[in-house]
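Q: Please take a close look at one part of this structure and give a connected account of it, beginning from a single position and then turning to the cysteines. I would like burial to be reasoned through where possible.

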Amino acid sequence: SDSTFFRLVRVSNDGHCPLPPEGDDSLTCETVEPLPVFQFSTPSGPSLCSVKTEQEFAASVVKKITISEQSAQQEFPRDNECVVEGTFSIRPDYWLDICEGFSVGEFVNLRLNPERNTGYNGSRVWKEMHASVNRLKTGEGKILSRLISGYHMSVTAQVMANYYFQSNWKPNKEKLRSIINEHPEWVENLQFAFVVMARSLFKVKPFLYNDYAFVTGNSTEDQTTKSLVRHLLDSAVLSSCGSVFVSGFDESRLFAPSEELAQGATEFKRAFRQISRLVNCVACKRCRLHASVALHGIGVGLKILLSPSGLVEKWLSRDDIVALVDLVHKLSDSLLVIGEAEEVKKVSDWREAALMYVKEQSSRLRRVEKDALINAIVHNDDRIELLGKTFGASPSFLRHSLIALNVQVPDVVIVGGGLAGLVTAISIAERGGSVVILEKQSTLGGNSGKASSGINSVRSNTSLDINGFFKDTVKSQNGRGNPDLAQILVERSNTSVHWLESVSKVNLSSVGILGGHSVGRTWKPEHGVVGAELMAALIREVKSTWSLWISVKTNVRVTGLLVDDKGVMEGVEYQESTINSSSNSGKERQFARQVVVASGGFGFDLDGLMRTYRPDLVAFPTTLGRQTTGDGIKLAAQVGADLVDMEYVQLHPTGFIDPQDPDNRVKVLAAEILRGIGGVMVNQNGKRFVNELATRKAVVDVMLADPHCPGRDCWFWLIVPMSHAYKAPNHLNIYRNRHLLQEHSYSDLSSLLNCSTSNIPDLAYQGGNESFSSTDRILVGKVTPVVHYTMGGVRIDTQGRVLRTDGTVIEGLFAVGEVSGGVHGENRLGGNSLLECTVFGRLIGAESVKIDPDLSSSHVVSRGPVHVKKSKPQVSLPTLSLAQVETHSHPDDCWTVIDGKVYDLSRYAEEHPGAPGPIRDSCGQDSTTRFLGAHSLGLLGDVGFDPIGTITVS
């Protein structure tokens, strides 16, 4: 069927249906309760009845053919397919036109239109077909009835055993075994139909073997086709059909001379043609296509058997041969399917049945599940024996056995607990899937908790807003990256951010403009810093609302991805570790049905990926946490993933130089929003030198052209007008508390910048014409370019699936967030990092990963969000004095007071998203004012810090 000759056949798919229309759904692609033989129901869901092209379901049969197939069409005969009968008396050529009407229409490529076994309900059509042949009271009529019944059983077997998977549709082999047991006569009719059709093929063996020209227009293809046909004709099965059923069925005895001969033959032909026309009543186009070919094959078989040898060969068309061979293949395959089902049915011992079922379902199970089940069955585990005898070979047996054996294989394991990982996890949990998050830090959050400027989103889903955002993003890509991914990022921004707000309960109502954007579309909360607030809220959701579905392991480093012998993901290998060191503990395995890598970029991997791809940037300071070492990129590459855009590393223009620790490599980001609210930059000579709201790359390129750059002396002044401070109060409070921004009068600027007043021109606020005046109060700080983001990473497709270097998908592996490449191209727009995590986390979690409804969350007792927050036992907190708190003033032994409660933040400084400084500065003192200047009060509890005491009031 894969050769040019046998995949092309002419059918008419637009014939007239002889049945009157009915008001029910029996002639549609809807899922309704069928009549016998189709005694099964299907869940509601998308129909697969239409004929599918490579990209969509078409309204009609696919007629796409190759150049070689076009050439082959010219070689096929076009006329004399079937002869119009001239008389109602039996004559040698009477049966030559029995298949009249089949070979009219256009050529159809069967390879592009494979049979889908959708479970289309054609009960009314089947009923009328059986009624048409049951009206024949002759022996020949009973033979035709058995042929139609056999073909019907063939279709039933294929649907039951190979049900095309979509949503919850799946094979129903248990039902097939039940049908075989209840109706053995249907199976006998299928066997009968196969033998009769095989005998017809055998009858014309000499003609097909030696005389017929299998012409396709390509000599090599012709010879291949002829060799395949000869192999079929020489098969032992086909040869044996010459003598099988001779006593029960001999075509030479059919339509023996009698007074009723003419009437019987006429009614026989009329009944078959009526059955052929009934195919036109099938609403499912692909079902109609294959039914037409099959009934054509039955007609060809009858024409061969009922016509004299030497005559019929002259009237065998190419379409006749294709239809007959295709039918014999279908019947043969159905017999094999039934044979496999009967083997299962014959197994009496529960262990054999259970083992066979586990083998049958092996593609759904991971290795640890198969090993546990087989071991328990072989060793007669009493629990598994009871379940096997109770549930039989069924999904319920698998589910309850795995629960009894305490084998918990989640649907997904996620490597990384930043925004990308948490959005993906919650999206999976919303579908009832189970997730394990592995995080190498002691707390969740990652670099996402540092994000301060906001998250981008179109204001509305109008084409104007979407096109504007897309143009800005693609312009920043600068001809690199994948525009299709950028399109997804932009088009899903509005719905994804609304989802994020609804889940986190963080109100992103304040909007601003960042560099590279044509309009303001970067959203943040009115109070608190966007990254910290979002991460705290999502951590709370993971640990409370979705705690039954999502489990978290921290301080673990993933060391490898587990792949089975077919290249499919089956989990990860990990070991306990911290950011500073790895433990000597042994490696463990976490099996899963799919793996999502969400472990961030590689900007802190100085001696690894950074030195490989951007050695010129190794000496630059950075805003990134020490955990940002490209672990996920390396893991994916080890299993064949392609890497893209690795040379594109973003330098952010403004990282603060801390006057108290100027040589610290890790800088605090001076958020882009400071320039968005009117801040300007001047060089060491006091001159404004750049459009501060250009793209980050454009601003950095100008900065690096300064004679002091790069190097320790590469720094610039950032000046923010106090009159605009109300536009970003949270940011300014943080920076002022840490002395990164200091307040001055504009008149003091010349002495501060150490240059004469004549060198300082009038400065206008960024984004407007309003100028600074000598009486203005200003905030001033030193900034320098910093490594901030890596645009490159693992190559993904538009479903978030990881791709190999040859473009094929690594099954079961996904990547999301900074670990992936292609979204941002050469340069990322500010505000697009949080958006990427949200959009593609939603895409992967809500759509791309597969959830097995029978096996998912085998350890979860219920589904749906837990709206009641788990209450913690009431603990009486000790009362502590401020003097006691002051004795714990070191980062490794750090107590602080916030809102009258004492918290232990020991060893948290290095993992704090906002850099170690704020934690170190708070040790041993009351830091309420500083904390509330940047965060909401509930954030501490959300990220997992509970008070250890209360403070005495002096």
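A: Val108 has a relative accessibility of 3%, and because anything under 20% is classed as buried, this residue counts as buried. The model is a predicted one, and every value here is computed from it. Val108 sits in strand β4, which runs over residues 106-109. Val108 and Leu289 are separated by 181 residues in sequence, while their C-alpha atoms are 8.9 Å apart in space.

The cysteines can be taken up next, beginning with the bonded ones. The structure holds three disulfides, and when the bonded cysteines of the protein are numbered in sequence order, they pair as 1-2, 3-4, 5-6.

One of these disulfides is formed by Cys17 and Cys281, whose sulfur atoms lie 1.9 Å apart. This pair links distant parts of the chain, 264 residues apart: Cys17 belongs to the loop between β1 (8-11) and β2 (51-52), and Cys281 to the loop between α10 (261-278) and α11 (285-306). The link of Cys17 and Cys281 is right-handed, with 95° about the S-S bond, and both Cys17 and Cys281 are buried.

Another disulfide is that of Cys709 and Cys714, with a distance of 2.0 Å between the sulfur atoms. The link of Cys709 and Cys714 is right-handed as well, with 85° about the S-S bond. Cys709 has a relative accessibility of 12% and therefore counts as buried, and Cys714, with a relative accessible area of 3%, is buried too.

The disulfide that joins Cys894 to Cys923 has an S to S distance of 2.1 Å. Cys894 lies in strand β28 (residues 893-898) and Cys923 in the loop between α30 (917-922) and β30 (925-926), so this disulfide ties together parts that are 29 residues apart in sequence. With -100° about the S-S bond, the link of Cys894 and Cys923 is left-handed. Cys894 counts as buried because its relative accessibility is 0%, and Cys923 counts as buried because its value is 5%.

Two further cysteines can be judged by the burial limits. Cys287, at 24% relative accessibility, counts as partly exposed, because the buried class takes in values under 20% and the exposed class those over 50%. Cys837, at 9% relative accessibility, counts as buried.

To set beside these cysteines, there is a piece of the surface to consider. Leu355, Ile374 and Val378 make a nonpolar surface patch of about 210 Å². Of these residues, Ile374 is placed in helix α14, which covers residues 367-378, and Ile374 counts as partly exposed because its relative accessibility is 36%. The 12 residues of α14 should span 16 Å at 1.5 Å a residue, and the C-alpha atoms at its ends are 16 Å apart, which agrees with that expectation. The residues Glu369, Leu373, Ala376 and Ile377 of α14 are buried. Because these buried residues cover an arc of only 100° around the axis, they are on the same side of α14.

Key:
Residues numbered from 1 in each chain as written. Predicted model: local features only at pLDDT ≥ 70, side-chain atom pairs only at ≥ 80, totals over all residues. Heavy atoms only, no water. Disulfide = S-S within 2.5 Å. Helix = DSSP H or I, 4+ residues; strand = E, 2+ residues; numbered from the N terminus. Buried < 20%, exposed > 50% of the residue type's maximum accessible area, 1.4 Å probe, protein only. Patch = residues over 30% accessible without salt bridge, like charges linked within 9 Å, V, L, I, M, F, W, Y side chains within 5 Å. Areas by Shrake-Rupley, 256 points an atom, 1.4 Å probe, with all protein chains shown as cover. Salt bridge = Lys/Arg side-chain N within 4 Å of Asp/Glu carboxyl O. Expected span 1.5 Å × (residues − 1). Arc of directions from axis to C-beta.
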